[in-house]
Amino acid sequence: MELHVRYEGDDDPDKCSARKLARFDLAELHRATRSTPPGIVCNPFADQALSPADAPTAGDGARHDRLVALDCSWETAEREAFDLQGVHRSLPFLVAGNPVNYGTPFQLNTVEAFAGALCILGERDHAERILSKFSWGHTFLELNEEPLERYADCADSSEVVDVQDDYLVEE
């Protein structure tokens, strides 16, 4: 699955996971919305949760074989910023494993959003590969092992939301 990033460049470049993915040719950065190709857009404001039903299948033109994320500061992330082409999906409850937002629910950086999405879509090996470039990458998978497995076993978005509710009650 291709990884594409609409890159705002408003974060600390030394801590930017999207830039690091691009340096390793694991993702492509796009400076403008119109140059960002359509795909499954990881959008925290989307009405529907990502589920295994969104995974690309052979011959299915309605599903995309690429993930798209917006890399911007959480302080500037607004609904309007996610004006990207494609199918918009929110990620369910996951906890950040990166040093900046460690342990904070829903505050994932770009590589964590991609890794979470890849796991849910059945591409765990790809998630492990991109996280391997970060010293803390394994921490994200360890913190979210159980929910990621449960989300990946769901049939559709409504089941993902039901599983998520189990974790939100505990919060």
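**Backbone, core and ionic pairs**

Phe 106 is placed in the loop between strand β5 (86–89) and helix α2, where helices (H or I, at least four residues) and strands (E, at least two) are DSSP runs numbered from the N terminus. The model is predicted, local features being considered at pLDDT of at least 70 and side-chain atom pairs only at pLDDT 80 or more, whereas totals for chains, interfaces and linings use all residues. Residues are numbered from 1 along each chain as its sequence is written, and side-chain values rest on heavy atoms, with hydrogens and water left out.

Phe 106 has a phi near 65°, a positive value in a residue other than glycine. Most residues other than glycine have a negative phi. With a relative accessible area of 37%, Phe 106 is partly exposed, on a scale in which buried denotes under 20% relative accessible area, exposed over 50%, and partly exposed the range in between (1.4 Å probe, protein chains only). A positive phi, of about 55°, is also found at Asp 25, likewise not a glycine. Asp 25 lies in the loop between α1 (17–23) and β2 (28–30), and its relative accessible area of 71% places it in the exposed class.

Asp 25 falls within residues 1–33, to which UniProt, in an unreviewed entry, assigns the feature "domain: RNase L inhibitor RLI-like possible metal-binding". UniProt positions are given here in the numbering of this model, with feature names shortened, and such annotations may be inferred rather than shown by experiment. Across residues 1–33 the chain is 21% helix and 27% strand, and the C-alpha atoms at the two ends are 20 Å apart.

The largest nonpolar core, a core being a set of buried Ala, Val, Leu, Ile, Met, Phe, Trp, Tyr and Cys residues joined through side-chain atoms within 4.5 Å, comprises 43 residues, of which Leu 21, Leu 67, Phe 114, Ile 130, Phe 140 and Tyr 151 touch the most other members. Helix α2 (residues 110–120) supplies the largest share of this core, eight residues. When neighbours within four places in sequence are set aside, Leu 21 is in contact (heavy atoms within 4.5 Å) with Leu 26, Ala 27, Val 111, Phe 114, Ile 130 and Phe 134.

Seven salt bridges are found in the whole structure, each defined as a side-chain nitrogen of Lys or Arg within 4 Å of a carboxyl oxygen of Asp or Glu. One of them joins the side chains of Arg 89 and Asp 54 at 3.0 Å, N to O. This pair links distant parts of the chain, with Arg 89 in strand β5 and Asp 54 in the loop between β3 (39–42) and β4 (66–71), 35 residues apart. Arg 89 counts as buried at 14% relative accessibility, as does Asp 54 at 10%.

A further salt bridge brings together the side chains of Glu 145 and Arg 124 (3.1 Å, N to O). The partners again come from distant parts of the chain, Glu 145 from helix α5 (residues 145–152) and Arg 124 from helix α3 (residues 124–131), 21 residues apart. Glu 145 is partly exposed at 29% relative accessibility, and Arg 124 is partly exposed at 26%. Glu 146 forms a salt bridge with Arg 150, their closest N and O atoms being 4.0 Å apart, and both residues lie in helix α5, four residues apart, about one turn of the helix. Glu 146 is partly exposed at 47%, and Arg 150 is partly exposed at 30%. Through shared partners, salt bridges also join Arg 124, Glu 128 and Glu 145 into one network.
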